[in-house]
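Trainee: I would like to go through this entry term by term. Please tie each label to its criterion.

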Amino acid sequence: MLEKLIRPHILNLKPYSSARDEYKGKEGIFLDANENAIGSATDRLFNRYPDPYQHELKALLAEFHGLRQEQIFVGGAGSDECIELIIRLFCEPQADNILLLPPTYGMYEVSANVNNVRIKTANLKPDFQPDTSKIFQTIDSHTKIIFICSPNNPTANLIHLESILEILEKFEGIVVVDEAYIDFAGTPSWTTQLEHFPNLIILQTFSKAWGMAGLRLGKTFANPLVVNYLNKIKLPYNISQIAQEIVLEGLKNSEKQQNMVREILAERQKLLEELGKIALIKYIFPTDANFVLVKTEKPQQIYEDLVRQKIILRDRSKVSLCEGCLRITVGTGGENKALIAALRSF
Ligand SMILES: *Cc1c(COP(=O)(O)O)cnc(C)c1O
């Protein structure tokens, strides 16, 4: 069933075979990859190409997420690279389409546009939950992927489990659940359902809860067949040596990640309480993420006034269904206090 969804020319694609594909041993005199055998222009050595399939990293990730290594793909420009590769794997330009549930994360649309893949939309309802009957009216036989972002960016809410289940059960294409903010949500990941739904792909990232946005590492959890094809179409050495080394350090230090998440959740709670006292803010949407979406009557003026004070929010007021809205990332205690003080004096 999955093979039927993959673009036919990719099923037959002969991938690039790198030096490290052709000889996998770790010891020897390596004269096969045109590397610089003498060293690097830096003090730290980076003269050898990195492991193209990141085995050490995947072994640790498999343990951490309770998955098998064959279910894991790592993207080198964050999960944004994963989004791009997933679209390229399944969607024939000009012929196939993807379904988006706006307002949602902007990269699905950009990646589809770059690849000349059509976009269909079924807006979220006013409570920012999916309208499943609209979804099933909108898709057609060329709809290859439905992107569901949960918790959703920019609305901050989790998408109801029953809606995602209904889509997974009835839709015959790929369902991508983007869990960039799952660590802030207090609900289990959809990784537990991978064995039941071969058409499920889960995206996570090291950019948010792990605090490693600068490393650019995204995680894709999927059926081994999908992972196998993603490996075939990715660029050969997509994760740098230093990114692999440092993310391993992070994973071995997951206690720090958990402490940071706890701290962000505590700060989020304080921020929600303080925002609730500010008359300027008409509504605070429920949040399951490390940010808050608020509605005001003067989003642009507030945004600009805060910028003058060097406090930068994300103006989402021009996004349809987010009229009047500003998106606020939870900062440190001090940063949040500065924001509240600035809003009070607006
Ligand atoms: C931040 C974010 C990502 C992660 O992007 P990276 O490329 O991994 O930094 C993915 N999806 C959503 C919805 C996001 O908000």
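Mentor: Start with buried area: it is the accessible area that two parts lose on being put together, summed over both. The model is predicted. By that definition, domain 1 and domain 2 bury about 1600 Å² between them, and 65% of it lies on carbon and sulfur atoms.

Trainee: Which residues of domain 1 lose the most area to domain 2?

Mentor: P154, A156 and F184, together 38% of what that side buries.

Trainee: What makes these two separate domains, and where are the bounds?

Mentor: The domain assignment gives domain 1 as 2-252 and domain 2 as 255-344. Their centres, taken over C-alpha atoms, are 29 Å apart.

Trainee: How many residues of each domain are in contact with the other?

Mentor: Contact requires heavy atoms within 4.5 Å. On that basis 19 residues of domain 1 are in contact with 20 residues of domain 2.

Trainee: How many salt bridges and how many polar contacts are counted between domain 1 and domain 2?

Mentor: The salt bridge count is zero. The polar contact rule finds five residue pairs across the interface. On the side of domain 1 that touches domain 2, the residues divide into 13 nonpolar, five polar and one charged.

Trainee: Why is the pair of D178 and the ligand called a polar contact?

Mentor: A polar contact is a pair of N or O atoms within 3.5 Å. A side-chain N or O atom of D178 is 2.6 Å from a nitrogen atom of the ligand, so the pair qualifies. For T205, a side-chain N or O atom is 2.6 Å from a ligand oxygen atom. For S79, a backbone N or O atom lies 2.7 Å from a ligand oxygen atom.

Trainee: How much of the accessible area of the ligand does the protein cover?

Mentor: The protein covers 94% of the 390 Å² that the ligand has on its own.

How values were computed
Residues numbered from 1 in each chain as written. Predicted model: local features only at pLDDT ≥ 70, side-chain atom pairs only at ≥ 80, totals over all residues. Heavy atoms only, no water. Domains from an automatic or database assignment. Buried area = accessible area lost by both parts, 1.4 Å probe. Salt bridge = Lys/Arg side-chain N within 4 Å of Asp/Glu carboxyl O. Polar contact = N/O pair within 3.5 Å; in protein donor to acceptor, adjacent residues only side chain to side chain. Nonpolar A, V, L, I, M, F, W, Y, C, P; charged D, E, K, R; others polar. Areas by Shrake-Rupley, 256 points an atom, 1.4 Å probe, with all protein chains shown as cover.
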